[in-house]
Amino acid sequence: ERSWGRHRVVHELMRRGLAKDAAEAGIQPLFAEQTEAGALARAVAKWKRQHGPARSAADRKKLADYLARRGFDFADIRRQVPRVDTDGEDDPYDWQ
C-alpha cells in the first residue's frame, strides 16, 4: 500500500486522463480522515527507516519536503513533523 496523500492520488489520476472532479469524487470514500492519517504515519515511518529520526531543523525540513512531495497537506505535515530542540541554533524552518 502506497503512502500517498489525497493531492498526490488526485494528481496521478488526472495525469492518467481523469477529470479533476471525477478523480476527487472517486477517491472520496477511500480517504476518510483515519485513512489519510494512516498514510501520513506510514510515510513518516518510511522516511525514518531510511534517514533516521529528524534531529535537526534541516532534517525536519527534509522530512516536510518529502511529505509534501507525497501529496500531504501542509497543515497535516506541520502536525506530524516532530518538534525537537536544536541546541539553541536558529531554526530557519520555524513551524509555528
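## Model confidence

The chain has a mean pLDDT of 82, and 80% of its residues reach 70 or more. Over residues 84–90 the pLDDT is below 50, and this stretch has 10 contacts in the model beyond near neighbours in sequence. Where pLDDT is low, the predicted coordinates should not be read in detail. The whole model is predicted, and every value below is computed from it.

## Overall fold

The secondary structure comes to five helices and zero strands. Along the sequence the pattern reads α-α-α-α-α. The chain has 96 residues, of which 32% count as buried. Among contacts with a separation of 6 or more, 58% join residues 24 or more positions apart.

## Nonpolar cores

In soluble globular proteins, nonpolar side chains tend to be buried together. Here the largest nonpolar core has 13 residues, and those with the most contacts inside it are Leu63, Leu67, Phe72, Ile77 and Val81. Helix H3 (33–51) and helix H4 (57–69) each supply at least two residues of this core. H3 gives the most, with five residues.

Leu67 shows how parts of the chain come together. Leaving out residues up to four places away in sequence, Leu67 touches Leu40, Ala43, Val44, Phe72, Ile77 and Val81. A second, separate core has six residues, including Trp4, Val9, Ala23 and Ile27.

## Helix H4 and the loop after it

At 1.5 Å a residue, the 13 residues of H4 should span 18 Å, and the end C-alpha atoms of H4 are 18 Å apart, which agrees. The buried residues of H4 are Ala57, Arg60, Leu63, Ala64, Tyr66 and Leu67. Lys61 and Asp65 also lie in H4, four residues apart, about one turn of the helix. An α-helix has 3.6 residues a turn, so residues three or four places apart point the same way. The side chains of Lys61 and Asp65 meet in a salt bridge, at 2.7 Å from N to O. Lys61 is partly exposed, because its relative accessible area is 27%. Asp65 also counts as partly exposed, at 28% relative accessibility.

Just after H4, Gly71 takes a positive phi of about 95°. The loop between H4 and helix H5 (74–80) holds Arg70. What is the charge environment of Arg70? Arg70 is buried yet has no salt bridge, and the nearest side chain of opposite charge, Glu12, is 9.5 Å away. A salt bridge requires a nitrogen to oxygen distance within 4 Å. Not counting residues up to four places away in sequence, Arg70 touches Ser3, Trp4, Gly5 and Arg8. One of these contacts, Trp4, is included in the second core.

## Salt bridges

Side chains of opposite charge can pair when their charged atoms come close. A search of the whole structure finds five salt bridges. Arg8, Glu12, Arg15 and Arg16 are linked in a network of such bridges. Within this network, Arg16 pairs with Glu12, the closest N and O atoms being 3.9 Å apart. The two partners sit in contrasting surroundings: Arg16 counts as exposed because its relative accessibility is 65%, whereas Glu12 counts as buried because its relative accessibility is 12%. Arg8 is also a contact of Arg70.

In helix H5, Asp76 and Arg79 lie three residues apart, about one turn of the helix. Asp76 forms a salt bridge with Arg79, with the closest N and O atoms 2.2 Å apart. Asp76 is buried, because its relative accessible area is 13%. Arg79 counts as exposed because its relative accessibility is 61%.

## Lys20 at the start of H2

Lys20 belongs to helix H2, which covers residues 20–27. Is Lys20 exposed, partly exposed or buried? Its relative accessibility is 47%, so Lys20 counts as partly exposed. Leaving aside neighbours within four places in sequence, Lys20 is in contact with Val10 and Met14. Lys20 and Val10 are 10 residues apart in sequence, and their C-alpha atoms are 7.0 Å apart in space.

Methods:
Residues are numbered from 1 along each chain as its sequence is written. Side-chain values use heavy atoms; hydrogens and water are left out. A nonpolar core is a set of buried Ala, Val, Leu, Ile, Met, Phe, Trp, Tyr and Cys residues joined through side-chain atoms within 4.5 Å. Buried means under 20% relative accessible area, exposed over 50%, partly exposed in between (1.4 Å probe, protein chains only). Contact means heavy atoms within 4.5 Å. pLDDT is the predictor's confidence in each residue, from 0 to 100. Lys and Arg count as positive and Asp and Glu as negative; His and the chain ends are not counted. The expected span of a helix is 1.5 Å times one less than its number of residues.
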